[in-house]
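Good morning, colleagues. Please have the sequence and the structure open while I speak.

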Amino acid sequence: MKLGTVRGSSMIVKMARSLVEEGWSFMVDEFDVIIKAEHKATGEAVSFNSMGTLKRWMYEKALSY
């Protein structure tokens, strides 16, 4: 996923860009919806079964900064 293709609310976009810079990669489905995040260095992976789950994870990551 390229940083230029990240769309959505400003918080989600800013957080996604920050996470990509930290080494996270995002997998999208055929509708460009993020369905999985994976950190290459740590091997941590998170799957999202709904947009709400993705947003909650992003908010939690934002709060940890």
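I shall go from the overall arrangement to the sheet, then to the helix packed on it, and finally to the surface.

Let me say at the outset that this is a predicted model. The protein contains two helices and three strands, and along the sequence these elements follow the pattern α-β-β-β-α. Of its 65 residues, 26% count as buried. The exposed area of the protein is about 4,400 Å², of which carbon and sulfur atoms supply 54%. As for contacts with a separation of 6 or more, 32% of them are accounted for by residues 24 or more positions apart.

I turn now to the sheet. In what order do its three strands lie? The order is β1-β2-β3, in an open sheet with antiparallel pairing. The edge strands are β1 and β3, the latter covering residues 45-47, and each of them pairs on one side only. Neighbouring strands of this sheet are turned by 15° against each other on average, with direction ignored.

Let us take the two strand pairs in turn. β1 and β2 are antiparallel and are joined over five bridges. Within this pair, Phe26 stands opposite Ala37 in β2. The two strands form a hairpin with five residues between them, and Asp32 in the turn has a positive phi of about 60°.

The second pair is β2 and β3, which also run antiparallel and are joined by three bridges. Here Lys36 stands opposite Ser47 in β3, while Glu38 has Ala45 of β3 as its bridge partner. This pair, too, forms a hairpin with five residues between the strands, and the residue with a positive phi in the turn is Gly43, at about 80°.

What packs on this sheet? Helix α2, residues 51-63, does so, and touches β1, β2 and β3. The direction of the helix makes about 170° with that of β1.

One residue of this helix deserves a closer look. Met58 has its place in helix α2. Is Met58 buried or exposed? With a relative accessible area of 0%, Met58 falls under the 20% limit and therefore counts as buried. Leaving aside residues up to four places away in sequence, Met58 touches Met11, Ile12, Met15, Ala16, Leu19 and Phe26. Of these contacts, Phe26 is the residue we met opposite Ala37 in β2. For Met11, the distance between its C-alpha atom and that of Met58 is 8.5 Å, although the two residues are 47 residues apart along the chain.

Next, the charged side chains. How many salt bridges does the structure hold? There are two, and they link Lys36, Glu38 and Lys40 in a network. Glu38 forms a salt bridge with Lys36, where the closest N and O atoms are 4.0 Å apart. Glu38 also meets the side chain of Lys40 in a salt bridge, with 3.5 Å from N to O.

The three residues of this network can also be described by their accessibility. Glu38 is partly exposed, at a relative accessible area of 22%. Lys36 is likewise partly exposed, at 29% relative accessibility. Lys40, by contrast, is exposed, with a relative accessible area of 60%. Why does Lys40 count as exposed? Its 60% is over the 50% cut-off, and therefore Lys40 is placed in the exposed class.

The last topic is a nonpolar part of the surface. Which residues form the nonpolar patch? They are Phe31, Val33, Ile35 and Met51, and together they have about 370 Å² of accessible area. Phe31 lies in the loop between β1, residues 24-28, and β2, residues 34-39. Phe31 is exposed, because its relative accessible area of 63% is over the 50% limit.

To recapitulate, we have an open antiparallel sheet of three strands, with helix α2 packed on it and Met58 buried in that helix. On the charged side of the account stands the network of Lys36, Glu38 and Lys40, and on the nonpolar side the surface patch that includes Phe31. Thank you for your attention.

Methods:
Residues are numbered from 1 along each chain as its sequence is written. This is a predicted model: local features need pLDDT of at least 70, side-chain atom pairs count only at pLDDT 80 or more; totals for chains, interfaces and linings use all residues. Side-chain values use heavy atoms; hydrogens and water are left out. Patches are made of residues with over 30% relative accessible area and no salt bridge: like charges are joined within 9 Å, nonpolar side chains (Val, Leu, Ile, Met, Phe, Trp, Tyr) within 5 Å. Accessible areas come from the Shrake-Rupley method with a 1.4 Å probe; for residues, only the protein chains shown count as cover. Helices (H or I, at least four residues) and strands (E, at least two) are DSSP runs, numbered from the N terminus. Buried means under 20% relative accessible area, exposed over 50%, partly exposed in between (1.4 Å probe, protein chains only). Two strands pair if DSSP finds at least two bridges between them. Axes are lines fitted to C-alpha atoms, for helices over the stretch in contact, and angles run from 0 to 180 degrees between N-to-C directions. Contact means heavy atoms within 4.5 Å.
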